[in-house]
Amino acid sequence: MNTKLYPESGVELTPFTARNYDRVMNIGSFGKYTGFIRNAIEAMNIGGDDQILDLGCGTGRNAAIMESYLGENGHITGVDISKDMEKQFLARFKDSNMVDFINQRIDRPFDLCKQFDKIFISFVIHGFPHDIRDVVIKNVYAHLKPGGSFFILDFAEFDMDKMPALHRFIFKKVECIYAFDYIKRDWKSILSGYGLGEFSEHHYLKKYVRLLQSMKIN
Ligand SMILES: C[S@@+](CC[C@H](N)C(=O)[O-])C[C@H]1O[C@@H](n2cnc3c(N)ncnc32)[C@H](O)[C@@H]1O
């Protein structure tokens, strides 16, 4: 990705970061990333026939774990805009007929002409301005089957001023202004306004990260 639409955003990655993304996450999480992501995906209760949409899918590391829960009728569609992520994703799934990739912006209205059982978005939505998150959630709603689940794996809601000084220093250094805004918002109330409800949540990594599940209820 060469041109950032949101210059302050930390999720529109440089080609260098995209090429080294998994390594950066492993190092940045002091080796905790793999265990954490496995636990979060286990909590999604993926069924063998699930049709899953992974928005901002990155290298496909998460999709590979999700794929391990699928049977022969299950399917994952990964969506991303980064060419460097696309290359890694396609290389990872070159021998799989259960996973495909679409190069598509998720911050603009789009139509994949399909509805999904589960939509997953991991460490992407915090990186958009709040009015753009509205577009993303509308895209999610349009692509969810009735009764389908939307999973946001991202920062939890917390007060930065109450973080231990070292955690606050790292968070402020590494994250973007949109993340600082994201953690202050009441996400259950926001999602309720879009016809999503029946929430459940799991917290990870000292409760700074949350998997928030909501269901399309109307
Ligand atoms: C922080 S990474 C997270 C990747 C992956 N979800 C994960 O958890 O490993 C953010 C991802 O969102 C993608 N992205 C950023 N803006 C996007 C947009 N407008 N539409 C689609 N993908 C986007 C980036 O290319 C990148 O792969």
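This tour moves from the whole chain to two strand pairs and then to the ligand.

**The whole chain**

Begin with the full chain in view, bearing in mind that this is a predicted model. Colour by secondary structure to display nine helices and seven strands. The radius of gyration is 16 Å, close to the 17 Å expected from the globule rule for 218 residues, so the chain is as compact as a globular protein of that length. Aligned on the principal axes, the C-alpha atoms occupy a box of roughly 50 × 40 × 35 Å.

**Strands 2 and 3**

Select residues 75-80, which form strand 2, together with residues 99-103, which form strand 3. The two strands run parallel and are joined by five bridges. To inspect the register, show V79 in strand 2, which stands opposite I102 in strand 3. Next add residues 83-92, helix 5, through which the chain passes on its way from strand 2 to strand 3. The resulting β-α-β crossover is right-handed.

**Strands 6 and 7**

Turn next to residues 196-204, strand 6, and residues 209-216, strand 7. Here the strands run antiparallel, with seven bridges between them. H202 can serve as a marker of the register, as it stands opposite L211 in strand 7. Strand 6 and strand 7 form a hairpin with four residues between them. Within the turn, select L205 and examine its backbone: phi is positive, at about 50°. While side chains are displayed, a general point may help in viewing: in a regular strand they alternate between the two faces of the sheet.

**The ligand and its shell**

Finally, select the ligand and the 21 residues around it. Those that come nearest are G56, N62, D80, I106 and S122. Colouring the shell by class gives twelve nonpolar, six polar and three charged residues.

Which residues should be labelled for their polar atoms? Three distances merit display.

- G56: a backbone N or O atom lies 2.6 Å from a nitrogen atom of the ligand.
- D80: a polar side-chain atom lies 2.5 Å from an oxygen atom of the ligand. D80 also falls within strand 2, residues 75-80.
- D107: an N or O atom in the side chain is 3.1 Å from a nitrogen atom of the ligand.

How much of the ligand does the protein bury? Taken alone, the ligand exposes 600 Å², and the protein buries 98% of that. A surface drawn over the protein is a suitable last view.

Conventions. Residues numbered from 1 in each chain as written. Predicted model: local features only at pLDDT ≥ 70, side-chain atom pairs only at ≥ 80, totals over all residues. Heavy atoms only, no water. Near = heavy atom within 4 Å. Polar contact = N/O pair within 3.5 Å; in protein donor to acceptor, adjacent residues only side chain to side chain. Areas by Shrake-Rupley, 256 points an atom, 1.4 Å probe, with all protein chains shown as cover. Nonpolar A, V, L, I, M, F, W, Y, C, P; charged D, E, K, R; others polar. Pairing = 2+ DSSP bridges. Right-handed = clockwise from strand over helix to strand, strands pointing away. Rg over C-alpha atoms; globule rule 2.2 N^0.38 Å.
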